[in-house]
Amino acid sequence: MRRHWQKKPLLVSQAIPQFAPPVLRAELFALAAEEAVESRLVQLVKGAWKLRHGPFARRALPALQQPDWTLLVQGVDLHNDAVHALMQQFRFVPEARLDDLMISYASNGGGVGPHFDSYDVFLLQAHGKRRWRIGRQKDLSLREDIPLKVLANFEPEEEFVLEPGDMLYLPPRYAHDGIAEGECMTYSIGFRAPARAELAQELLARLAEDAADDDNISLYRDAGQAAVAQPAAIPLALQDFAREALSRALAHPLVLERALGEYLTEPKASVWFEPGDAGVMLEGVRLDRRSRMMYDAQHIFINGESYRAAGRDATLMRRLADDRRLAARDLVRASDDALELLSSWCDAGWAHVWTE
Ligand code: SIN
Ligand code: CO
């Protein structure tokens with residue numbers, strides 16, 4: 001983290017020795033056929049780039065022997081427990097920054113063209129070989145004639161051939177081009193970083209909701225208002241009142257922290273939970289792979305909801321968020337309220353009964 005994170009690439013030979021990828025070709029193709037799964041097909045046909053969006057029936061994919069195509073399947077961690085578990089190995093980075101695990105399948109020669117991404121990425125080679133060319137790239141202009149974000153003037157500086165278990169870390173905006181040498185699968189562990197403007201928009205919308213719920217109506221008063229000759233001019237005192245209204249909404253203790261935690265743990269739009277195993281207690285629990293759970297000094301957040309927590313229960317819930325599971329022995333000292341909450345999360349399918 002100190003030397004490379006957000007700074008410079010890192011090649012890790014045999015990051016995972018004897019890596020046995022949890023999802024292979026047939027399962028990936030099956031995922032790409034599903035409506036709820038985001039997938040893309042990138043193909044180079046007679047020198048022309050083509051992009052199509054899934055879902056793809058198996059027969060809609062090119063033949064395996066046909067060169068130069070790539071199938072990309074997004075968010076596989078939401079659909080497969082073993083892939084979710086693999087992604088947990090990257091939680092040396094705060095979970096608030098983790099996004100998803102994408103898997104690509106490429107036939108010989110396949111790739112998505114030289115490009116850069118806005119976010120950090122770990123490219124873990126899962127099957128076969130891929131030749132990566134990378135560069136710092138000052139000129140980020142893109143080709144305008146094609147449906148993909150491909151650099152117009154890629155200037156690679158380094159080249160590596162990755163084999164299964166090898167991994168390449170790239171910081172944001174580092175140019176790269178990976179070309180399959182034979183049949184190839186690459187797992188991309190992707191990150192997210194909120195954009196300042198988007199965060200302001202999200203948080204202000206949540207603060208606005210809180211403000212709307214505030215029953216304490218205090219109207220603007222202007223007992224000191226003099227008669228005016230320019231009636232269209234907005235009074236300065238009204239501008240001050242507006243500014244104060246906003247700063248009061250923000251100054252409410254913990255509103256910002258709460259809104260941020262709720263926003264960061266909001267499930268992705270495609271996620272739904274199946275109501276599940278009711279009646280946990282005194283057995284352990286584990287979070288569903290789709291659940292997002294985080295905390296700050298005063299709150300516990302799960303799937304867009306927040307709870308104030310303190311004392312022993314807070315310690316327990318933080319442990320659940322960090323480890324994503326609690327054993328039966330951890331629950332012995334939990335309060336009735338905490339147990340009830342865990343049980344309601346199990347009902348909702350956010351967590352499941354778990355025995356060691
Ligand atoms: C791929 O796996 O083919 C593309 C991954 C990337 O370049 O970000
Ligand atoms: Co990329």
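This report covers a three-stranded sheet with its helix and a cobalt site in a predicted model.

## Basis

The model is predicted: local features need pLDDT of at least 70 and side-chain atom pairs count only at pLDDT 80 or more, while totals for chains, interfaces and linings use all residues. Residues are numbered from 1 along each chain as its sequence is written, chains are lettered from A and ligands numbered from 1 in the order in which they are written, and side-chain values use heavy atoms, leaving out hydrogens and water.

## Sheet and helix

The open sheet has three strands in the order β14-β10-β15, with antiparallel pairing. Helices (H or I, at least four residues) and strands (E, at least two) are DSSP runs, numbered from the N terminus; two strands pair if DSSP finds at least two bridges between them. β14 (325-326) and β15 (351-354) are the edge strands, each pairing on one side only.

Strand β10 (residues 284-287) is joined to β14 by two bridges, and V285 has L326 in β14 as its bridge partner. Helix α8 (residues 336-348) packs on the sheet and touches β10 and β15 (contact: heavy atoms within 4.5 Å). The direction of α8 makes about 110 degrees with that of β15; axes are lines fitted to C-alpha atoms, for helices over the stretch in contact, and angles run from 0 to 180 degrees between N-to-C directions.

## Cobalt site

The cobalt ion (ligand 2) has the protein donors H115 (NE2), D117 (OD) and H176 (NE2), at 2.0 to 2.1 Å. Donors are N, O and S atoms within 2.8 Å of the metal (3.2 Å for Na, K and Ca); water is not among the atoms, so sites may look incomplete. Along the chain the donor spacing is H-x1-D-x58-H. D117, in the loop between β5 (98-106) and β6 (121-135), and H176, in strand β9 (residues 175-191), are 59 residues apart and link distant parts of the chain.

D117 is partly exposed, at 29% relative accessible area, whereas H176 is buried at 3%. Buried means under 20% relative accessible area, exposed over 50%, and partly exposed in between (1.4 Å probe, protein chains only).
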